[in-house]
Amino acid sequence: MATPRSSSAAGSAKPAVTVLMATYNGMPWVPEQVASILAQERVDVTLVVSDDSSTDGTREWLAGLGDARLRVLPTIEPSGSAARNFFRLLRDVDVADNEYVALADQDDTWSPDKLATAVTGLAAHDADGWSCDVMAFF
């Protein structure tokens with residue numbers, strides 16, 4: 001989690017959150033996950049995606065969204081693992097001026113208040129990190 005900066009400096013009353021998402025052959029899940037991230041309430045969201053050389057159209061789908069809040073990193077040599085793909089995001093995305101940074105898997109669906117709840121919790125507890133509960137449905 002990056003050190004918070006003033007929201008007013010960014011011209012917004014909402015906290016700014018950059019979400020880093022790693023993908024690989026995620027077309028069964030990515031559309032719903034991206035929609036749930038971009039629909040977050042009470043925060044300004046930017047989504048940065050590192051696709052690990054998907055062959056199922058994931059990268060093309062993401063690139064075709066045309067949403068200014070979404071950025072897909074350039075293709076590089078396949079990393080071969082989710083951990084390396086997330087490391088690439090942490091290494092290559094400059095988050096120094098971000099208020100908050102979150103990590104996202106490709107196969108989750110977020111409740112609309114997930115990030116706002118985390119931001120509120122971080123502030124209330126003067127915390128540097130936050131982990132969310134999991135709700136699973138089978």
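**Exercise 1. Find how far the backbone nitrogen of R69 lies from a polar atom of the side chain of D67, then describe the surroundings of the two residues.**

Solution.

Step 1. In this predicted model, the distance from the backbone nitrogen of R69 to a polar atom of the D67 side chain is 2.8 Å.

Step 2. R69 and D67 also form a salt bridge, and its closest N and O atoms are 2.8 Å apart. Side chains of opposite charge can pair when their charged atoms come close.

Step 3. D67 belongs to the loop between helix 2 (58-63) and strand 3 (70-72).

Step 4. The relative accessible area of D67 is 23%, and that of R69 is 33%. Buried means under 20% and exposed means over 50%. D67 is therefore partly exposed, and R69 is partly exposed as well.

Step 5. D67 can also be placed relative to T46: 21 residues separate them in sequence, and their C-alpha atoms are 9.8 Å apart in space.

**Exercise 2. State how many salt bridges a search of the whole structure finds, and describe those of E41 and D92.**

Solution.

Step 1. The search of the whole structure gives 4 salt bridges.

Step 2. E41 has R42 as its partner, with 3.9 Å between the closest N and O atoms. The cut-off for a salt bridge is 4 Å, so the pair E41 and R42, at 3.9 Å, counts. E41 is partly exposed, at a relative accessible area of 38%.

Step 3. D92 meets R91 through their side chains, at 2.7 Å from N to O. The relative accessibility of D92 is 38%, which makes D92 partly exposed.

Step 4. D92 and R91 are part of a salt-bridge network that also includes R88.

**Exercise 3. Decide whether R88 is buried or exposed, and list its contacts beyond four places in sequence.**

Solution.

Step 1. R88 sits in helix 3, which spans residues 82-92.

Step 2. The relative accessible area of R88 is 6%. The limit for buried is under 20%, so R88, at 6%, is buried.

Step 3. Once neighbours within four places in sequence are set aside, R88 touches S50, L73, P74, I76 and V93.

**Exercise 4. Locate N98 and G26, and give the accessibility of each.**

Solution.

Step 1. N98 is placed in the loop that runs between helix 3 and strand 4 (100-104). Its relative accessibility is 12%, so N98 counts as buried.

Step 2. The N98 side chain has a polar contact with the side chain of T18, at 2.2 Å.

Step 3. G26 is in the loop between strand 1 and helix 1. Its relative accessibility is 0%, so G26 also counts as buried.

Step 4. Apart from neighbours within four places in sequence, G26 is in contact with P31, S54, D56, T58 and Q106.

Step 5. G26 and R59 are 33 residues apart in sequence, while the distance between their C-alpha atoms is 9.1 Å.

**Exercise 5. Describe how strand 4 pairs with strand 1, and place strand 4 in the overall pattern.**

Solution.

Step 1. The protein has 4 helices and 4 strands. Along the sequence they follow the pattern β-α-β-α-β-α-β-α.

Step 2. Strand 1 (residues 16-23) pairs with strand 4 in the parallel sense, over 5 bridges. M21 stands opposite A104 of strand 4.

Step 3. In strand 4, 4 of the 5 residues are buried, so the strand is largely enclosed by the rest of the structure.

Step 4. For the whole protein of 138 residues, 38% count as buried. The accessible surface is about 8000 Å², and carbon and sulfur atoms hold 54% of it.

Step 5. Among contacts with a separation of 6 or more, 73% are between residues 24 or more positions apart.

**Exercise 6. Find where pLDDT stays under 50, and say how that part should be read.**

Solution.

Step 1. The average pLDDT of the protein is 89, and 87% of the residues score at least 70.

Step 2. Helix 1 (residues 30-38) has the highest confidence, at a mean of 97, and helix 3 the lowest, at 94.

Step 3. Over residues 1-10 pLDDT stays under 50. The model has 23 contacts beyond four places in sequence for residues 1-10.

Step 4. Where pLDDT is low, the predicted coordinates should not be read in detail.

Terms used: Residues numbered from 1 in each chain as written. Predicted model: local features only at pLDDT ≥ 70, side-chain atom pairs only at ≥ 80, totals over all residues. Heavy atoms only, no water. Helix = DSSP H or I, 4+ residues; strand = E, 2+ residues; numbered from the N terminus. Buried < 20%, exposed > 50% of the residue type's maximum accessible area, 1.4 Å probe, protein only. Polar contact = N/O pair within 3.5 Å; in protein donor to acceptor, adjacent residues only side chain to side chain. pLDDT = per-residue confidence, 0-100. Contact = heavy atoms within 4.5 Å. Pairing = 2+ DSSP bridges. Areas by Shrake-Rupley, 256 points an atom, 1.4 Å probe, with all protein chains shown as cover.
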